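Visitor: Hi! Could you pull up the model so we can walk through it together?
Guide: Sure, here it comes.

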Amino acid sequence: MSEEKVENVVVFGSGPAGLTAALYAARANLEPLVYEGVEPGGQLMTTTEVENFPGHEDGIMGPDLMDVMKKQVARFGTRFILDECTSVDLSQWPFRYTVSQGSGLAKTIIIATGATARYLGLPNELRLRGHGVSACATCDGFFFRGMEIALVGGGDSAAEEASFLTRFASKVHLLVRRDKLRASRIMQQRVLSNEKISVHWNTELADVLGQNEVEGIRVRDNQTGVETDWTQIKGLFLAIGHKPNSDPFVGQLDHDELGYLLTAADSTATNVPGVFACGDVQDKTFRQAITAAGTGCMSALEAERWLEARGEH
Ligand code: NDP
C-alpha cells in the first residue's frame with residue numbers, strides 16, 4: 001500500500017489572499033496545493049473596475065486581475081483543484097482536511113476562504129433570491145434594463161453598486177437605515193450627485209412582494225413606523241456587508257462573535273501552530289484586495305518559517 005502524500009502547504013481559497021499565499025509558497029519551493037473553492041477568484045470576480053490595486057494605472061476589471069494573478073501563480077508550479085474545504089481535524093499533525101471530493105494531509109494550512117455577501121434574512125427575500133433578489137449587482141444588474149430597482153445598504157459597496165446599477169435601471173432607490181451613508185466621501189458624492197439614484201434615509205426593507213418574481217417591496221420609515229408598498233420596484237439588491245467563510249474551522253480555531261478567525265498580533269498565525277488565516281476570513285476592518293494580498297504573503301512566509309523551524313523545509 002502506498003503511503004498517503006503529505007502536502008507542505010495547502011491553501012483554501014483563490015482570491016487575492018489565497019493566490020498571493022500560493023505565489024510566495026511556490027517561489028519558496030513548497031509546491032503548494034490550492035483548493036480554489038466553489039467561486040474561484042473570490043469576490044473580485046463579481047466586481048467591475050478595480051481602481052485601487054496598485055500597479056494598474058488605468059484600473060483593471062476584477063476578473064481580469066484575478067486571471068492574471070492566477071497565471072502568475074501557475075507559472076511557479078502551483079497545483080489548483082476546484083473544490084472546497086468541508087472540515088478539518090487540527091488535533092493531529094500532519095493535519096487532516098476533507099474536501100467535497102476526498103481528503104488529504106497537510107503540514108501547514110493557509111485559510112483564505114474569504115467572506116460571502118449577507119442577506120437580511122426576510123423569508124420572501126430569501127425565497128426570491130435569483131428571481132429578482134440579488135446580492136451581486138455586477139452579476140445581475142443587466143437583467144433590470146429600464147426598470148426601477150431598490151438597493152439596501154449605505155457603505156462603499158452600496159455606493160459603488162448603486163452607481164453601477166444606473167447603467168441598466170431607469171431608477172435606483174437606495175434604502176439607508178440611518179440618516180447618513182457609511183461610504184467614503186468620494187463614493188457618497190458620486191451617489192448623491194447621480195440623478196438616477198434616489199436616496200431614502202431612515203428607511204428599511206420590511207418585505208419583498210411577489211410570488212415567482214419581485215413585484216414590489218414593502219419599506220418601513222423607521223422614524224414613524226409607517227410601511228408603504230412600492231410596486232414599481234422589480235429588482236432588489238443587497239449590499240449590507242459580508243459573513244466570513246469560516247464554518248469548517250470555527251470548532252477548532254479561535255474566532256470572534258461574527259465568525260472572523262482570530263490571528264496573533266502582527267501575524268497570520270491562528271491558535272493552532274501551523275495553521276494560518278489571511279484575507280477577509282480574518283479581516284473585518286480593511287477588507288481590501290491589497291490588504292488580503294498582503295496578509296496572504298504573510299501567511300506563506302510564516303508557513304515557510306514554521307516548516308523550517310521544524311526541519312520540514
Ligand atoms: P460595510 O460594513 O462598510 O457597510 C454595510 C452597510 O450596510 C452599512 O451602511 C450598514 O448600515 C448597512 N447595513 C448593515 N446591516 C443592515 C441591515 N440589516 N439593514 C440595513 N442596512 C444594513 O460593508 P461594505 O460591503 O459596503 O464594505 C465593506 C468594506 O469594503 C469596507 O471597508 C469598504 O470601505 C470596502 N469597500 C471598498 C470599496 C472601494 O474602495 N472601491 C468598494 C466596496 C467596499 P450602517 O451604516 O447603519 O451600519
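Visitor: Where does Pro-94 sit?
Guide: Pro-94 is in the loop that runs between strand E6 (85-89) and strand E7 (95-99). Keep in mind as we go that this is a predicted model.

Visitor: And the peptide bond that joins Trp-93 and Pro-94, cis or trans?
Guide: That bond is cis, with omega at about -5°. For background, most peptide bonds are trans.

Visitor: OK, other backbone things. What about phi of Asn-29, positive or negative?
Guide: Positive: phi of Asn-29 is near 60°, and this is a residue other than glycine. In general, most residues other than glycine have a negative phi. Asn-29 belongs to the loop between helix H1 (16-27) and strand E2 (33-35).

Visitor: Let's jump to Gly-59. Which residues does it touch, leaving out those up to four places away in sequence?
Guide: Gly-59 touches Glu-49, Val-50 and Glu-51. Gly-59 itself is in the loop between strand E3 (49-50) and strand E4 (60-61). Its C-alpha atom is 6.4 Å from that of Glu-49, although ten residues separate the two along the chain.

Visitor: Nice. How is the chain split into domains?
Guide: The domain assignment gives domain 1 (6-116 + 242-309) and domain 2 (119-238). Four residues from domain 1 and six residues from domain 2 take part in the contact between them.

Visitor: How far apart are the C-alpha centres of domain 1 and domain 2?
Guide: They lie 32 Å apart.

Visitor: And how much area do domain 1 and domain 2 bury between them?
Guide: About 390 Å², with 55% of it on carbon and sulfur atoms. On the domain 1 side, Thr-46, Thr-48 and Glu-51 lose the most area to domain 2, and together they make up 80% of what that side buries. Glu-51 came up earlier too, as one of the residues that Gly-59 touches.

Visitor: Now the ligand. Where does it lie relative to domain 1 and domain 2?
Guide: Between them, because both domain 1 and domain 2 give residues to the shell around the ligand.

Visitor: Which residues come nearest to the ligand?
Guide: Of the 21 residues around the ligand, the nearest are Asp-156, Ser-157, Arg-177, Arg-178 and Arg-182. Helix H5 (residues 156-165) supplies the largest share of the shell, three residues.

Visitor: What's the mix of nonpolar, polar and charged residues in that shell?
Guide: Five are nonpolar, nine are polar and seven are charged.

Visitor: And how close do the polar side-chain atoms of Ser-157, Arg-177 and Arg-178 get to ligand oxygens?
Guide: For Ser-157, a polar side-chain atom is 2.6 Å from an oxygen atom of the ligand. The corresponding distance is 3.0 Å for Arg-177 and 2.7 Å for Arg-178.

Visitor: How much of the ligand's accessible area does the protein cover?
Guide: The protein covers 78% of the 920 Å² that the ligand has on its own.

Technical notes:
Residues numbered from 1 in each chain as written. Predicted model: local features only at pLDDT ≥ 70, side-chain atom pairs only at ≥ 80, totals over all residues. Heavy atoms only, no water. Near = heavy atom within 4 Å. Polar contact = N/O pair within 3.5 Å; in protein donor to acceptor, adjacent residues only side chain to side chain. Areas by Shrake-Rupley, 256 points an atom, 1.4 Å probe, with all protein chains shown as cover. Helix = DSSP H or I, 4+ residues; strand = E, 2+ residues; numbered from the N terminus. Nonpolar A, V, L, I, M, F, W, Y, C, P; charged D, E, K, R; others polar. Domains from an automatic or database assignment. Contact = heavy atoms within 4.5 Å. Buried area = accessible area lost by both parts, 1.4 Å probe.
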